[in-house]
Every structure is written in C-alpha cells, then in structure tokens.
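The following paragraphs lead the reader through a structure, moving from single residues to helices and then to a whole chain. Please keep the sequence and the three-dimensional view at hand while reading.

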Amino acid sequence: MAVFNEDKDRKVIPRWRRFSATLARGELTPLTSRVFKPTPDLNLQARVKDWQEHGSLSFAADLLSCAITLGLENEAREAAEYVMKTCPSCPEATKRLAQRVLGLSRGTEIAPVSLDMLDRAQTGKRIHEIRQKTHGDPRNVFLWVDMARCYTMLGMKAQAVRCLDVALRLLPNNRFILRSASRLYIHLHEYDLACKVLRASDLVTSDPWVLAAHIAAESIVHKSSRHLKKGLQWLNSERFRPVHLSELASAIATLEIESGGRWARRFLRLSLQEPTENAIAQASWIVRKVGSHILEEPVLSADRPSSEARAWTYSKEGKWEDSLKHACEWLVDQPFSNRPAVFASYIAALLENYTVSANLAQIGRLANPNSFALLNNYAFAQAQAGHLSAAIEAYNKINEHTLSLEQRMVWRATGGLLKFRSGDASAGRSLYLVALGEPAEPKRRAMAMINHAIEESLVQTPEAESFRKEAIAFSENLPDPDIKMLVNRLRKIEQGQKR
Amino acid sequence: MATHAESLTGRVLDGGWKVLEKVARPPTATGSIFSHGYIVVSPDGQKAYLKALDYSKAFLSNDPPRFLQAMTEAFNHERDLCLLCRDRHFDRIVIPLADGKILAAPAIPDSLVNYLIFELAEGDVRTQMDAADRFDLAWALRSLHHVSVGLSQLHRVGVAHQDLKPSNVLYFGERVFKIADLGSASHKSRLGPRDEWEIAGDMGYAPPELLYKHIDPDWDKRRLSCDMYLLGSMVVFFFAQSGMTALLKAHLNSNHTWDSWDGPYEEVLPYVRDAYNRALDVFATSVPAEISVKIKEMVRQLCEPDPRLRGHPRDRIGAHNQYSLERYVSQFNLLASKAEIGLFGGNE
C-alpha cells in the first residue's frame, strides 16, 4: 500500500528555492528603501540633443544607457522605439536596454522548471553549469547556495554542506544564505546546526525573515527562540511592512495554536496581509487543523498562490487530478523535500497512474534515498505497473529496523502486495494479515484491508469475497475521500466479478 | 540676447586665431555645459575648436559671486590640467593648442571671455561607429588601446579623468583616438572644483559604488578605480553599444538598484555582483567569438563592482599598483595588432 503524508504537524521552515526565484518572489526585499525622486540631469539633456541631431544607433544607445542609469527612462522612449524598430541586428545588450525603457521586460527572467528537469542527469548538468560560473566569479555567493541546493536534490549531503559553508564564510549575514542554510540542516535532520547558524547571525535580532526561520527551527526541537519577545514587539509595531512580517507572524501564530494561546487568530490574519507562499501554506494547514472558524475569509484566493495549500485542499475535496497537478508544482518548487514527493506519488497511485507515481517517488528518492515512504511508494507503484523486479529492488532497500510501528504495518502490507504479484498468494495473504495485526489508525488499516481485498480479487481466491466484504464494512463509514475512492474501486471489482 | 561668450564670431584672438563660426553642439564639444563652441582657424590655415566659458549663467544664479568664482576655478583647473598634459607631450589626450582671454565687447571691461583652443576632431566614438557600415574589430581594439593609453598617461601624473564616456573619446583620423574633457578630472595633490562632488563625472556612466554613495576616502581607490571602471564600460560600449552601468541596472532587481537601496554598499554588493555576472554574459554575446573570453575577462576585472578588488589580479598582490592600466594597454595593443594583420577571421 502507498504511504500518504501525515498532516499532523507543520512549521514555517523557510522555502529553499533557486536564488533567482527567491529574488523574483520579493523575499529578498530590503527592510527599508528610499523613495526615488528623479531629478533632471544636464548630461542627459545633452544626450537627448545629440540623439535628436544624429538619430542613429550609437546615439540612441548612449541615451538609453544614461537614461536607465539615472532612472529617467521616459526621456529615452523615442530612442528605444528606434532601436526596436530599425535595428533588429543590434547587440543583445542594446535590445535589453530598449526593452526595459519600453516596459517590455523588467528585471530578471526566471527560466521555468518542470518535473523532467529534476532528474539526475539534468540536475548534474545544472551543477556543472553553476560550477563553470563559479570559476568565472567565485565570489558570487548565490551560485554556491544554488549549487548546494542542486547537490541536496541529488542526496549528496557532504557536497551540499561544503557549498553552503563556502557561502556562509563569504557572506555570513545574508537573509537568503542563512535561511537556505537552516533549511539544508533541517533537511539533513541537523536541527541544532539549523538553530545555531541562525542564532549566530546578527540578523536574527534585526531581520524578521531570519527570526521567523529561527523560531521555526527551534520549535522543531521543542525549544522556544530566545528572541521570541523581539518578534512579538515587531508584530505589535509598525516598524516593518507586512510582507516582512508574514512568516514571522505565521511562525508565532503556529506557536500560539500549539500552546493554546489567544493571539493565534490575530497573528494569522497579519501573516496573510502580504503573505509569502509559505505563510499561505501554513495558514491553510492551521485551518485544516483547527477549523475554518479561525479566519473570517478563505485562505486561498487568486492572489494567494500556494501549490502546497492547493494540493492539500483539493485532496480533502477529492479533486484528485487538481491535487496531483499542484502536488507536482509543489515538488518542482521544493524538489529535495520528502513531503511533496510522498504526497504526489500517493495521489498519482490513487489515480492508478502508477508510472507517474513511480517517477514522482523516484525524484524524491534522489534527495532522500533512504526515505521509507518514498521507497515504499516507489515499490508499490512499480509493482502495480508490472515492474516487479524494480519494485522488489526498492523494497529490499528498506531497513526494517528503523521503522516505526505504523511504518512496519505499511511495509508488511506492501510486502504482501509483492508476494501476490510474484504469484505467491498464500505468502501475500500471510503478510497482509500480519500487517493488519499491527496497531494502526483506522485510515491506514482500511487502506491495507482494501488493498488486500483487491489482490485477493485479482487472483480470484475463494477467500476474496469475504475479504472484500470485511474491507468495505470497515471502510465505508470513514470520512476520508481517498478511502471512499478505494472502496468504490473495490465495489467495482466486486460487481465485475459477480458478472 | 546673446552673451559675451556667444558673440565671438569674426574676432581675431591672440596668436592670430580667427573665429569662423559658432557651432551649436559640434561633435567635438566636450564637457562643460557653461561654455560655447566655435570653429577657429590659425594663420597657417589649421582649423581648431574653441571652447569659450560663458560667465553669464553665473549672473542668473542665486549667488553670482560664488558661482562666478566656481566657474573660474573650474576653468583654471581644466586649463592647468590640459597644460600639464601638453607639457608632458601626452599624445592620447586632447590638449589645447592655445588658451587665453578676450574682451568680447572692447568697450566693456567685464566682457572678458576665457577660452581654450583644441585640435579639431572628426567626431567622437559614436559618430565613427555610425559611419562604419559594419563592425570593425581592429578599429574597435585600436580605439580601446588608445583610450587605455590616454588614461594611463593621466594616471602617471596623478590625474584621474573620471568622466570617460563615448562622447569624450574623440577621433582624429587615421585610427587615432584621444580622450577629451578634463573638466571633471581630479589631481591627486591639488584640490579640484569637483573633488567634493560625490560623482564628479557623468552619472549616466558612473561606477555602481558611487551611485550607491559609497565614497572611499582613499584617492586611488575612489578616483583611479573609477577610471578603471569607465574604461571597462567603454569596452562594453564598443562591442555591445551599452554602458556597463545601465546593463548592470537592467539585471538588478528593482529593490536593489541605487534608486531604492538605502543601506550600506557592502550589503547590496552580493546582489550587484550576481547581476553583474549576468550582465557580463549578455555583453559577451556581442563580442566576436575569437576574443570573447579574453575581452570578457578584461571587462570583468575592469568593471568589478567591488572597487577594492578592481584591476588585474596580479596587480592586487604585493607592492604592485592595483589600479595600473599597463597590462590592459598591452593586451589591447596585442589584440589590436593581431586584428590589424587579420589574425581574427572575418575582420580587417
């Protein structure tokens, strides 16, 4: 049986995206900024005159350069139009300046990422490209962080830590680097290091983004950040814009929920004033956990995108295709993370799209090669897709001694599936029955019973009917939409066999 | 009503120079906004460019005496630097052929107009670029060689130009380029009129550290590194027809540009560096493949956003002069020579 994500706990751990993507999302906006007041410039006026007099590419380029630098782009509109219309073969740089003046492109263009770019070969290629760039400018710290992320995606922990260490040494007080470092250490289950790297920085007492990460990291190890009071002061003051406080408010709201405090609602609202994607996902989780009464408005809307929140919401509504689509986006966003890969592979398996499920689990396995959930889901999907040897190979990599009781139950059930698919129905049945003898919550038990009944039905054993009835009787009153879907599937099999 | 500086047509100056005609904004017009240009001719028929200082603007200001003093100081400063270059026989700096003063209206004592007479150029870099029907690599590299020699000559006598830009690189025919306009220049041991300014030259081409108001008190680090950046920016203009500063800004996130940044330069520097590397990649696409790696590396060193790291890596070690341009002079000369004998395919 496939493993589904637990939705019991969630912390506002920083997202770790490529530098360019983080920048584009506005998460590296400075806490204070100046209001730009353009002032007329005599040199620019001279450039305008020169351009009007000569009307050629060089003079247009000269004017564009000056106008952009001075922030007086409007002065160069005519020159920009000239470049775009009459100089198709002009240098790329000139075109970029003209496009900028005409508002055709602003800022950095982010190359889109898709699932097929997350495999080992593509990620390796990306590492090679970044490494080449670091040869050109080893001081470009963000390249080191991006490289660490790629290594993390491939499960190369030592290399990832080394790259991030370089970045931290080059620039110890930078929001992006500190948050990325804490995320990496949390991914590696080095929680103390995650806390330490943030605690050691000066920014933890001056930057709400860093403090939010610190509060989240400390809460994983059930500690309270020593700077929590400062965070509360910031939330109660108007020192920072709401976007800077979004994750801090979200982190403190989560603490309030966990401790039964009375400020959860207020901080949750604050976290959603100018929310980050992470804060939206957290708010969505809080609503799932405590109920929608905590907020007056729905968390999700067109201007509040969060693939994680949408994947969960659609799954709760039984909209599986939509859920899978957003789960894949979530995985593309955080490809090194176990959670989106487990979630997406589970939903794909639920939709009986086993090849996709195996691929999604495989992407997650690159970064988390020993993850029980991913090995199990991969084995389950491959067995269902008829690739038994790949399934058994993955299944054999599971170290049963590290499993919790609930995981052991799932592990035995998947073992039962493999035995059935290997043609050994009695061994399969035995494993399923041992699994069902383990303690497990109703949803998990129902899922094992249904899967067992399906396998018995497929090989048309004499006991199949009784197992089906037992599974349906146990599961049909459970509220979970995924269980309802599986019960329906079992009923269809039952009807088919009766016919 | 025309000012005294605008009424020189037909006058004969010291040395027999005759003022032929006023030029609206000739290709050789340089620098100072408070001046007027004329074409003049010497007794032996040599045409030249006259730059006449216009004091009338001072009387329109709120504090005429102070403004007048500032203008006079600026003029004297530029003239002194020009004469210094002439005395040293600097061949890559536009030096005055003559200087002097004339009473524009003989009956009015305060109609005195100071002037400088310069060699007459055929045009600046921009006009020459437009005149060529295709990109000429040898021409571009030789120009850059001459510009780097010019800057190097100035640095040798403790002068930083600080306003190197396409309009200040003039063409004198037969592949000879010279740097013009010392109006913004700074002398290491003499206080200049613009030494107090945050940005002495054209803001449109200024290095990023100055735009972020990061002013290093060390003269070399501030002035020579600025020249070095401007030389790199000229390289970018020759190949990519864009100033490096504008290209850099086009790659910066709007929150991190000098228009909106409110913190210290050190904190924005990592973002500037990242944008700089992307800007360099775009620039490199415009450089012929044979020399692209070399030119990109030279620009990377010259326009390095951290002025403490600007310059050739080997010159940053030990007792070397970090902001020495000698290596670049040699490299441009070598590349230009190679291009001239056709070692780079497809170019003269």
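Asn253(B) has a relative accessible area of 15% and is therefore buried, a word that stands for under 20% relative accessible area, whereas exposed stands for over 50% and partly exposed for what lies in between (1.4 Å probe, protein chains only). Asn253(B) belongs to the loop between helix H7 (244–251) and helix H8 (265–284) of chain B. Helices (H or I, at least four residues) and strands (E, at least two) are DSSP runs, numbered from the N terminus. Between the C-alpha atoms of Asn253(B) and Glu340(B) there are 41 Å, and along the chain the two are 87 residues apart.

This is a predicted model, in which local features need pLDDT of at least 70 and side-chain atom pairs count only at pLDDT 80 or more, while totals for chains, interfaces and linings use all residues. Residues are numbered from 1 along each chain as its sequence is written, chains are lettered from A and ligands numbered from 1 in the order in which they are written, and side-chain values use heavy atoms, with hydrogens and water left out.

Another loop of chain B, between strand S10 (186–187) and helix H5 (208–211), holds Ala206(B). Is Ala206(B) buried or exposed? Its relative accessibility is 3%, so Ala206(B) counts as buried. Contact here means heavy atoms within 4.5 Å. Apart from neighbours within four places in sequence, Ala206(B) has contacts with Ile199(B), Leu211(B), Tyr229(B) and Thr245(B). From Ala206(B) to Ala160(B), the C-alpha to C-alpha distance is 14 Å, with their positions 46 residues apart in sequence.

Asp202(B) also lies in the loop between S10 and H5 of chain B, and with 2% relative accessibility Asp202(B) counts as buried. Which residues does Asp202(B) contact, once neighbours within four places in sequence are left aside? They are Asn43(A), Arg47(A) and Cys66(A) in chain A, together with Asp163(B) and Lys165(B) in chain B.

Ser58(A), in helix H3 (residues 57–70) of chain A, offers a view from the other chain. Not counting residues up to four places away in sequence, Ser58(A) touches Arg126(B), Met129(B), Asp130(B), Phe237(B) and Gln241(B). The relative accessibility of Ser58(A) is 0%, so this residue counts as buried.

Two residues may be considered for their backbone angle phi. Asp181(B), in the loop between strand S9 (177–179) and S10 of chain B, has a phi near 70°, a positive value in a residue other than glycine. Asp181(B) is buried, its relative accessible area being 7%. His222(A) likewise has a positive phi, near 55°, and is a residue other than glycine. His222(A) sits in the loop between helix H11 (208–220) and H12 of chain A, and its relative accessible area of 76% makes it exposed.

Attention now turns to the helices of chain A. The buried residues of helix H14 (residues 264–271) are Ala264(A), Phe267(A), Leu268(A), Leu270(A) and Ser271(A). Why do these residues lie on the same side of H14(A)? They do so because they cover an arc of only 160° around the axis, the arc being that of the directions from the helix axis to the C-beta atoms. Among the elements that cover them are helix H12 (228–236), helix H13 (242–259) and helix H15 (277–290) of chain A.

Helix H20 (residues 372–384) of chain A contains 13 residues and reaches 18 Å from its first C-alpha to its last, close to the 18 Å expected at 1.5 Å a residue; the expected span is 1.5 Å times one less than the number of residues. Of its 13 residues, 13 are buried, so H20(A) is largely enclosed by the rest of the structure. Just after H20(A), Gly386(A) has a positive phi of about 90°.

Helix H24 (residues 442–458) of chain A contains 17 residues and reaches 24 Å from first C-alpha to last, close to the 24 Å expected at 1.5 Å a residue. Because 14 of the 17 residues are buried, H24(A) is largely enclosed by the rest of the structure. Gln460(A), just after H24(A), takes a positive phi of about 50°.

Finally, chain A may be viewed as a whole. Its secondary structure comprises 26 helices and 0 strands, and 57% of its 499 residues count as buried. The C-alpha trace of chain A spans about 95 × 55 × 45 Å along its principal axes.
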